[in-house]
Amino acid sequence: MTPLPADTPQAGSSTENRCPASGEQDLATREIGLEQEFVDRVYDQLELAAKQAQALAKEGHGRARLGHEGGLVERDAMVFQAAKRLATLNAAHEGLVFGRLDLADEAEGARYIGRIGLRDEHRDSLLVDWRAPAAAVFYQATAATPEGVVRRRVLRCAGQDVVAVEDELLDPEHPDADALPIVGEGALMAQLSRARDRSMHSIVATIQAEQDKAIRAPGKGVVLITGGPGTGKTVVALHRAAYLLYSERRRYESGGVLVIGPSGVFMRYIERVLPSLGETAVALRSLGEVVDGVKGMRHDDPAVADVKGAARMAELMRRTARQAVPGAPSELRVFWRDENIVLTPRDLAGVRRQLLSQGKRNRALPRVSNLLLDTMWRQVRGERGREHGRERFNHEMLDKAAFVDFVKDWWPPLDATDVLRWLAEPELLARVGEGVVSQEDRALLSKSWSYDATAAGRGGFDWSVEDIPLLDEIRYQLGDVPERREDEEEDDPYARLVDENTREVTTIADRDFATGPRTSTRTEDDSYAHVLVDEAQDLSPMQWRMVGRRGRTATWTVVGDPAQSSWPVPAESARARDEAFGDKARHEFHLSTNYRNSKEIYDFAAAYAERVGLDADLPDAVRRTGTPPQERVVEDLEAGVRGAVRELVGAVEGTVGIVVPVARRTSVQGWLDSWDELGSDRDGGADARIAVLTGLDTKGLEFDGIVVVEPAEIEAESATGRATLYVVLTRATQRMITVATS
């Protein structure tokens, strides 16, 4: 471990080292300077490690000139490993060193904690990765149980510069305690008071003991993390994903880690956390982006969303996937060797039943032509036809354009998006929906998909977030189009169809090494090694079915708070969740401290929850600002909102959210764009800190200040509007103003 700097100031007592005024400032400046020397040494070693990785990549490229296959394999392996190492080093550059432990064991000296682990030129440990067992005590030690830690120090850096240190003396009775300077008022409170921006940041320097237990939980089964607003559930879950990748890298990096959140806004908010912890091999997906090749960005109206999310929609999708292709030929007539061969609708229905009884529709493609030919051959009774035999019959039929075109039109490879579009036809929807969805529900669905069909005429179906699980259900029911076998005959219509419709085949590493949007198409076997679901209380039964397919063989981290649920039938959703988990063991962790909201803001939100009858988990808020929320009733809504926003922009340094009812979003965004006094520079002006969102959009987000527009309308938007408004009231860290006209 790194020894204590030789020139660490010595003093008679820890009290002397907490000098007031200028003495305290001098002490802090001196300690920052000492830590800067060590941090400079770490960055020098980081630069050396980067050069070594670049040299490895250069050597790898040189192996390709060996002129044999082994050289190419070595090149690929070396270049891949070098690229991974460089990505890790670059991602961890900001805030690389953040912690120091002064230990009771003098032989160990000081132990420095960082985003990644580094060794010095002698291969001795210079910096301990925060996920390593040796770093666990940094988070778990307390004054009650110091676990061999005398002083814990948090280093706050800007780039490569140490700008502040915050100390906690955990073992004042230790003989060396008086020799250790104590600086600052505690890292956690300093971090909580910092301004927010448009991205979530890691809490790697300020993880608390109850959070650390969830992060380091065993990597088996399902880890359920619950807690009220502001308890850090999301960021704890993300740190857990980084911990799992560190502790079992081969398993999780090869199998893939999937992080699912409620919205694109939320995913953009959290996208920097894992890279800042040195992890880039993670797929980040909103619920509207889970299925490859399609994306849902908008939400349906609550009544429509409730129908599309219900468990009974699985049966509707199953029935739809088994329907005849609209407009497909209903009869086949061919002439062969004096025989008129006719496949009637009844004959075709029999072939259809036989194909569907043997497996999924697309998987049946190789059997279609043979079963049709079987049925046709049974009609060949004349001597001339029989004497030529079945083999000649097959060959000549497969060479007939009429037969080939019929096969392609009658049983084509189907895509889920095409099949779901069929339901825009009210008659088909009524037929497959009989006994599954009510007439009223069918009317809602028909209106929704008719809107999508109209949008398709303008350039493509406008799928909603709630449509995506339905597409996934159909995709699963259809199955994948099989790859063409090498021994397939060239003139087989199935072989031609496969050639025309086979999609790119890739590995999980190809698909998911980057954190950007995934563009390749996965197969039916969508299972990852680990699935992390945030805001899990909001998932509908159909969304759980979709997510469950990605986690059949996975371990899970699931984060949620039932009181914040926007799904109106929690019991139905819970059953779907249990089916997704299967018989995996479950480990539950509860977070009890609200680090986000000031006590004044959370008391206001908690009082609302109790008043409207929400069974809310009420965590303890640990920070006060002295500024309670304001409730304003105004005559002119635009003027009232503008005044509140102007006030918050001037009062807080970070972000300001304007939360509005869905019906008012466009108009309020228009107001914001026209307010010249807030600045017009979207990249750096005052209004660059402002975002207009609906209640559901705020899930998982936080802002320094919040303006809640017409809260009663937000509450009235859906059956779960009270829970949504409760979420909105818990988004602010510093200031909150509600503005209403009555």
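In this predicted model, helices α13 (residues 365-377) and α14 (residues 383-398) pack with their axes 11 Å apart, at an angle of about 145°. The crossing these two helices make is right-handed. On the α13 side, the contact draws on Ser369, Asn370, Leu373, Asp374, Met376 and Trp377. Facing them from α14 are Gly385, Arg386, Gly389, Arg390, Phe393, Asn394, Met397 and Leu398. Sorted by class, the residues where α13 touches α14 come out as six nonpolar, five polar and three charged.

Turning to the sheets, one of them is open and built from six strands in the order β9-β8-β12-β13-β7-β14, with parallel pairing. Its edges are taken by β9 (283-286) and β14 (586-591); each has a single partner strand, so one side of each goes without a neighbour in the sheet. On average, and ignoring direction, neighbouring strands here are turned by 15° against each other. At the β14 edge, the partner is strand β7 (residues 222-227), which runs parallel to β14 and is joined to it by six bridges. Within that pair, Gly227 sits opposite Leu591 of β14. This sheet also has a helix laid over part of it: α22 lies across β8 (257-261), β12 (530-533) and β13 (555-560). Relative to β13, α22 runs at about 150°.

Another open sheet of six strands follows the order β3-β4-β2-β1-β5-β6, and here the pairing is mixed. The edge positions go to β3 (118-119) and β6 (161-169), and since each has a single partner strand, one side of each is left without a neighbour in the sheet. For β3, that partner is strand β4 (residues 125-129), paired in the antiparallel sense over two bridges. Leu118 is found opposite Leu127 of β4.

As for empty space, the second largest pocket holds about 1,100 Å³. It is lined by 44 residues, and those closest to the pocket centre are Arg298, His299, Asp300, Glu466 and Leu696. Several helices chip in: α8 (264-270), α10 (302-309), α22 (541-549) and α28 (721-728) each put at least two residues into the lining of this pocket. The biggest giver is α10, with five residues. So α22 turns up twice in this account, once lying across β8, β12 and β13, and once among the helices that help line the second largest pocket. By class, the lining of that pocket splits into 16 nonpolar, 16 polar and 12 charged residues.

Terms used:
Residues numbered from 1 in each chain as written. Predicted model: local features only at pLDDT ≥ 70, side-chain atom pairs only at ≥ 80, totals over all residues. Heavy atoms only, no water. 1 Å grid on protein atoms, 1.4 Å probe; cavity = no way out; pocket = protein on both sides within 12 Å on 5 of 7 lines; lining within 4 Å. Points joined across faces, edges and corners; volume = space filled by probe spheres on them. Helix = DSSP H or I, 4+ residues; strand = E, 2+ residues; numbered from the N terminus. Nonpolar A, V, L, I, M, F, W, Y, C, P; charged D, E, K, R; others polar. Axes fitted to C-alpha atoms, helices over the stretch in contact; angles between N-to-C directions. Left-handed = near helix turned anticlockwise from the far one by under 90°. Contact = heavy atoms within 4.5 Å. Pairing = 2+ DSSP bridges.
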